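Hi,

Here is the structure I promised to pass on. Have a look at it first, and then read my notes below.

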Amino acid sequence: MSHDLIIKGGRVVTGAEVVNCDIGIRAGRIATLGHDLGDATEVIDATGLIALPGGIDSHVHIAQPSGPGIEMADDFASATRSAACGGNTTVMPFCLPEDGATLRQAVNAYHAKANGQCHIDVSFHLIIKDTDSQTLGQDLPALFEAGYTSFKVFMTYAGLALSDREILDVMDVAKAHNAMVMVHAENEDAIEFLRDKAEEAGNTGPVNHARTRPVPAEREATHRAISLAEIAGVPLTIVHVSNGPALEEITRARRRGAKVFAETCPQYITLTADDLDRAGFEGAKYVCSPPPRDTAEQTAIWAGLEQGDFDLFSSDHCPFRFADTAGKDAPGARATFRNIPNGIPGVETRLPILFSEGVMKGRITLPRFAAITATNHARLYGLAPRKGAIAVGADADITLWDPTLTKPIRQADLHHGSDYTPWEGFNVTGWPVRTLLRGKTVAKEGEIVGAATGDYLSRSAPEFLL
């Protein structure tokens, strides 16, 4: 039987192996892996290229409510365009209810924002900011049954942070439905204490965002989140782990049998708190939470990536424009770091940074790269086996990489809605040169191809990895 498409001559990353084979695609799915696959309507010559599963970025913020007068830089069109050009075929934004809106109303609003705009596939996580009877007793169970199988809770940010009891109540619902709980672990009371002291002392520049969110605030919250999960009897994922002590809490919990999954991000292996201390207001470009740490903590995060302690590598893409009063230069932002919108762009640069710094420098293998950028995301968040792997029967979501292509990251080449990148001038070796979604090219040589054809993905229960 002929194929719609054959990708010939590349090195293919399939699970734990890297094999030289061709990929036969039929009706949007991978039909065969091997040689001499016969005829095809289209043939892509992948000689010298590496075929990897299309990236799944399971931690992005798109068109999210950000406070009065503040606008996120990306809508679904620009964010998914940027993601596709960076080698991704699925992104998973967070669904945050507006004040006064129910969770189901928020989901409907997000679907309206995304409808017809997406160049790649999307699926939503739910942010739980209220623990009233309607949210916990009606909305969450109904939404889980409809395929929204992951819930995020915050331990920081006024208006979002839940108490320990409220987190336990959310975890109890997750346990009843076999959902995944994701936790942003930072101690809000400790941060507020340090912010007040910094402002009283006149320390108001952007670098004080990092200084008032120190490692112990994350370490303590990580320990507490794990303890709550053990009490509730649920697995959980700690997102955007930035330092060694927090990771030690996770590995220690695993040794005693807890099911705890760990995610980190490019900012924690490439940026430092010193970037927030740049002249003038430039440091605002690097304000995110948790903040970048120091080179010692970068070393600890790399050790976790190399040793397999991290399950996920995501971007935490949260874009704002820099030269914009609706973005980083919001009213009051120059007066105090407290008012700087929190987040950085990164969905397009996540994979190239890890490929260059990890694979090309011999820190991680190609199969490990595929696992932490795609396969594990699909398994943990209920998208496997359809997504996240080059395997017969899976969607033909494939990215072709040129491991010899070297060039710097430049804002002028990126496709997000922000007006800067934190990695301006950062040299990368190894770039995605073609991204295919269900066998159709959606990005090629750093540019989008064709119309927006991404789908919304309903998900099954997580496949817990431990």
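Helix 12 lies across strand 2 (11-14), strand 3, strand 7 and strand 17, and runs at about 35° to strand 7. Before I go further, please keep in mind that this is a predicted model.

The strands under that helix belong to an open sheet. Seven strands make it up, in the order 3-2-7-17-18-19-20, and the pairing is mixed. Strand 3 (17-20) and strand 20 (447-448) are at the edges; each has a single partner strand, so one side of each has no neighbour in the sheet. At the strand 20 end, strand 19 (residues 440-444) pairs with strand 20 in the antiparallel sense, over two bridges. If you want a spot to zoom in on, Lys444 stands opposite Glu447 in strand 20. Helix 11 packs on the sheet as well, where it touches strand 7 (50-53), strand 17 and strand 18, and its direction makes about 130° with that of strand 18.

How much of helix 11 is buried? Of its 10 residues, 10 are buried, so the helix counts as mostly covered. The buried residues include Arg350, Glu357, Leu351 and Phe355.

Strand 13 (residues 180-184) is another element to look at. Five of its five residues are buried, so strand 13 is largely enclosed by the rest of the structure. Both of its faces are covered: Met180, Met182 and His184 are buried on one side, and Val181 and Val183 on the other. Its partner is strand 12 (residues 150-154), and the two pair in the parallel sense over five bridges. Within that pairing, Val153 stands opposite Val183.

Now for the charged side chains. How many salt bridges are there in the whole structure? A search finds 34. I picked out three of these pairs for you.

- Lys387 with Asp121: the closest N and O atoms are 2.7 Å apart. This pair links distant parts of the chain, with Lys387 in the loop between helix 12 (366-380) and strand 17 (398-408), Asp121 in strand 10 (residues 121-122), and the two positions 266 residues apart. Both Lys387 and Asp121 are buried.
- Arg321 with Asp419: here the closest N and O atoms are 3.8 Å apart. Again the pair links distant parts of the chain, 98 residues apart: Arg321 is in the loop between strand 16 (312-313) and helix 11 (350-359), and Asp419 is in the loop between strand 17 and strand 18 (427-437). Arg321 has a relative accessible area of 33%, so it is partly exposed. Asp419 is partly exposed too, at 24% relative accessibility.
- Asp395 with Arg386: these side chains meet in a salt bridge at 2.7 Å, N to O. Asp395 counts as buried because its relative accessibility is 3%, whereas Arg386 is partly exposed, with a relative accessible area of 32%.

Two of those pairs turn up again in a network of salt bridges, which links Arg29, Asp121, Arg386, Lys387, Asp395, Asp397, Arg438 and Asp455.

One more residue to click on is His209, which is in helix 6 (residues 207-211). Is it buried or exposed? At 5% relative accessibility, His209 counts as buried. What does it touch, leaving aside its neighbours within four places in sequence? His209 is in contact with Leu276, Val287, Cys288, Ser289, Pro291, Phe337 and Asn342.

Stepping back to the chain as a whole, it has 12 helices and 20 strands. The C-alpha trace spans about 70 × 50 × 45 Å along its principal axes. For 466 residues, a compact globule would have a radius of gyration near 23 Å, and the 21 Å of this chain agrees with that. Buried residues make up 60% of the 466. As for contacts with a separation of 6 or more, 77% of them are between residues 24 or more positions apart.

Last, a note from the records. An unreviewed UniProt entry lists residues 50-442 as "domain: Amidohydrolase-related". Over residues 50-442 the chain is 35% helix and 17% strand, and the end C-alpha atoms are 17 Å apart.

Happy browsing, and write back with any questions.

Best wishes

Note on methods
Residues are numbered from 1 along each chain as its sequence is written. This is a predicted model: local features need pLDDT of at least 70, side-chain atom pairs count only at pLDDT 80 or more; totals for chains, interfaces and linings use all residues. Side-chain values use heavy atoms; hydrogens and water are left out. UniProt positions are given in the numbering used here, feature names are shortened, and annotations may be inferred rather than shown by experiment. Helices (H or I, at least four residues) and strands (E, at least two) are DSSP runs, numbered from the N terminus. A salt bridge is a side-chain nitrogen of Lys or Arg within 4 Å of a carboxyl oxygen of Asp or Glu. Buried means under 20% relative accessible area, exposed over 50%, partly exposed in between (1.4 Å probe, protein chains only). Two strands pair if DSSP finds at least two bridges between them. Contact means heavy atoms within 4.5 Å. Axes are lines fitted to C-alpha atoms, for helices over the stretch in contact, and angles run from 0 to 180 degrees between N-to-C directions. The radius of gyration is taken over C-alpha atoms; the globule rule is 2.2 Å times the number of residues to the power 0.38.
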